[in-house]
Amino acid sequence: MSFDGLLFFPVTPCDEEERLDLGAFRRHVRQGVEAGCGAVFACCGTGEFAALSLADYAACVAAAVEEADGRVPVVAGTGYGTAMALEFAAAAADAGAQGLLALPPYLVQAGQDGLRRHYEALADGSRLPIILYQRDNAVLEPETVAELARHPGIIGLKDGHGDLDLMRRIIETAPSGLLYFNGLPTAETSQRAYRDLGVVRYSSAVFCFLPHLALACHDALRDGRDDVVDRLMKEFYLPFVELRGLGPGYAVSLVKAGVRLRGQDVGPVRRPLVDPGPEHLRRLAELIDRGLTLMEDLERSPDPA
């Protein structure tokens, strides 16, 4: 799995009672695959992994695999302590996923040796290759990443911590061949800095509700078209980041609201998250309209290539 292209982290639809809407999930994944994502990362952070039962998780991963139909790889989230992470990992493998994104262990503050032992046990006990997700209480030192990268079951590191100096030292220390991903919220705004480190893969929450805008930004970043990137940042991404900062959990709830505003009935966010209030929804709707207009302008502009 090379994970070429933009990485799609679908939301996980539900009704007002927080019961899984598997049909809506299938449609959402199908539309993302048809729009041109490079991989589907099901039931991860944007997909409210921590609020899903094991049964709902397994159903979603199986549905994502069916909808992807071999066109792109499907990676599933896993997390909590080692025992629970292995249960989710087994369910993902049984459902046909091609890999795992290992979210930080639940709640605990662990040292480097403890984190290493946790991820090694997960890799030892899983049939699927693992991408480590560095953030919050799971920040890894370069030597720890280097040790973990020698495990044949660990193939990548997604960075949601944002310390570029640490990332540079990790890349310089770890064995070659490890895959790196920018996993910061609204990764587009930091991707040029990551690109300069050689990290070309990133996840896009915006892809969930404005896939063509997200793909235009991805292509511009890949091709070094900084004029296009600058315009996208100024007119859409930076205002979106400003709005995202106005509420706790908005990195998830704004995305799900954006999908609803674009006509997909994916329901509310699950507890303990809350949906954006009316004023923030109004601002999000205006931003989406601005993004659609921006796409029309870009499509009318001649391609300098």
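## A patch on the surface

Let's start in the loop between β4 (99-102) and α4 (112-125), which is where you'll find Val108. This is a predicted model, and in it Val108 has a relative accessible area of 47%. That puts Val108 under the 50% needed to be called exposed, so it counts as partly exposed.

Val108 also has company: together with Tyr106 and Leu107 it makes a nonpolar patch on the surface, and the three share about 360 Å² of accessible area.

## The nonpolar core

In soluble globular proteins, nonpolar side chains tend to be buried together. Here, the largest nonpolar core holds 105 residues, and Val40, Phe41, Tyr57, Phe209 and Phe236 have the most contacts inside it. Helix α9 (residues 226-244) supplies the largest share of this core, with eight residues.

Take a look at Val40. Not counting neighbours within four places in sequence, its contacts include Phe8, Pro10, Val29 and Ala64.

## Salt bridges

The model has 24 salt bridges. One of them joins the side chains of Glu66 and Arg26, at 2.6 Å from N to O. This pair connects distant parts of the chain, with Glu66 in helix α2 (residues 54-68) and Arg26 in helix α1 (residues 22-35), 40 residues apart.

Arg192 and Asp230 form another salt bridge, at 2.8 Å from N to O. Arg192 sits in helix α7 (residues 191-196) and Asp230 in helix α9, so this pair ties together parts 38 residues apart in sequence. Arg192 is partly exposed, at 25% relative accessible area, and Asp230 is partly exposed too, at 40%.

Technical notes:
Residues are numbered from 1 along each chain as its sequence is written. This is a predicted model: local features need pLDDT of at least 70, side-chain atom pairs count only at pLDDT 80 or more; totals for chains, interfaces and linings use all residues. Side-chain values use heavy atoms; hydrogens and water are left out. A nonpolar core is a set of buried Ala, Val, Leu, Ile, Met, Phe, Trp, Tyr and Cys residues joined through side-chain atoms within 4.5 Å. Buried means under 20% relative accessible area, exposed over 50%, partly exposed in between (1.4 Å probe, protein chains only). Helices (H or I, at least four residues) and strands (E, at least two) are DSSP runs, numbered from the N terminus. Contact means heavy atoms within 4.5 Å. Patches are made of residues with over 30% relative accessible area and no salt bridge: like charges are joined within 9 Å, nonpolar side chains (Val, Leu, Ile, Met, Phe, Trp, Tyr) within 5 Å. Accessible areas come from the Shrake-Rupley method with a 1.4 Å probe; for residues, only the protein chains shown count as cover. A salt bridge is a side-chain nitrogen of Lys or Arg within 4 Å of a carboxyl oxygen of Asp or Glu.
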